[in-house]
Amino acid sequence: MATRQSTADYIVDQLAGAGDVRASKMFGEYGLYCDGKVVALICDDRLFLKPTDAGRSLIGEVTEGLAYPGAKPSFVIDESLWDDADLFGRLVRATATELPVPKPKKPKAQ
């Protein structure tokens, strides 16, 4: 089951105060970006946040899961947390802050 557009839109709306947040469609699912960094994947209408110490400290007891077969473990963020825009925003912001800046893409060969 692919993620519904409405799910991705709701998550982005809830994160309006977390910085420059957007969702980008990828293979029928979505990558969630905060200030240019991939912080989570939205797969099958579930949110899989990249694990960080900052995220763990905000969540407390975490549930880990795989966004897809072969993926690295991520924090599974329950839908009830999505509704708390303040905590959800702080969680995503803290995660983005702890993640490294993406490496620049190499120019395509012509």
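Tutor: Two strands are said to pair if DSSP finds at least two bridges between them, where strands (E, at least two residues) and helices (H or I, at least four) are DSSP runs numbered from the N terminus. This is a predicted model, in which local features need pLDDT of at least 70 and side-chain atom pairs count only at pLDDT 80 or more, while totals for chains, interfaces and linings use all residues. Residues are numbered from 1 along each chain as its sequence is written, and side-chain values use heavy atoms, with hydrogens and water left out.

Student: In the hairpin formed by S1 and S2, which residue in the turn has a positive phi?

Tutor: Strand S1 covers residues 21–26 and runs antiparallel to S2, with six bridges joining the two, and within this pairing Ala 23 has Leu 32 as its bridge partner in S2. Two residues lie between the strands of this hairpin, and the one with a positive phi, of about 55 degrees, is Phe 27.

Student: Which residue takes a positive phi in the hairpin of S2 and S3?

Tutor: S2 and S3 also pair in the antiparallel sense, over five bridges, and here Leu 32 has Ala 40 in S3 as its bridge partner. The hairpin again has two residues between its strands, and the residue with a positive phi, near 50 degrees, is Asp 35.

Student: Following the pairing onward, which residue in S6 stands opposite Leu 49?

Tutor: S3 is joined to S4 by four bridges in an antiparallel arrangement, and Ala 40 has Leu 49 as its bridge partner in S4. S4 in turn pairs with S6 in the antiparallel sense over three bridges. The residue of S6 that stands opposite Leu 49 is Phe 75.

Student: How many residues of S2 are buried?

Tutor: Buried means under 20% relative accessible area, exposed means over 50%, and partly exposed lies in between (1.4 Å probe, protein chains only). By this criterion both faces of S2 are covered, with Glu 29, Gly 31 and Tyr 33 buried on one side and Tyr 30, Leu 32 and Cys 34 buried on the other. The number of buried residues in S2 is therefore, out of six, six.

Student: Within what arc do the buried residues of H1 fall?

Tutor: The buried residues in H1 are Thr 7, Ala 8, Ile 11 and Gln 14. Seen down the axis of H1, they line one face of the helix, because the arc (taken over the directions from the helix axis to the C-beta atoms) within which they fall is 130 degrees.

Student: Is Thr 7 buried or exposed, and at what relative accessibility?

Tutor: Thr 7 is found in helix H1, and, leaving aside neighbours within four places in sequence, Thr 7 is in contact (heavy atoms within 4.5 Å) with Ile 42, Asp 45 and Trp 82. Thr 7 counts as buried, because its relative accessibility is 7%.

Student: Which element gives the most to the largest nonpolar core?

Tutor: A nonpolar core is a set of buried Ala, Val, Leu, Ile, Met, Phe, Trp, Tyr and Cys residues joined through side-chain atoms within 4.5 Å, and the largest one has 23 residues, those with the most contacts inside it being Val 39, Leu 47 and Ile 77. Each of H1, S2, S3, S4, S6, H3 and H4 supplies at least two residues of this core. The element that gives the most, with four residues, is H4.

Student: Which element gives the most to the lining of the largest pocket?

Tutor: On a 1 Å grid over the protein atoms alone, a pocket is an open set of points where a 1.4 Å probe fits, with protein on both sides within 12 Å along at least five of seven lines, and lining residues have an atom within 4 Å of a point. The largest pocket holds about 620 Å³, a volume being the space filled by probe spheres set on the points, which are joined across faces, edges and corners. Its lining comprises 23 residues, among which Val 38, Ala 40, Leu 41, Lys 50 and Tyr 68 lie nearest its centre. With five residues, the element that gives the most to this lining is S3.

Student: What is the relative accessible area of Tyr 68?

Tutor: Tyr 68 lies in the loop between strand S5 (64–65) and S6, and its C-alpha atom is separated by 9.7 Å from that of Leu 41, 27 residues apart along the chain. Tyr 68 is partly exposed, because its relative accessible area is 45%.
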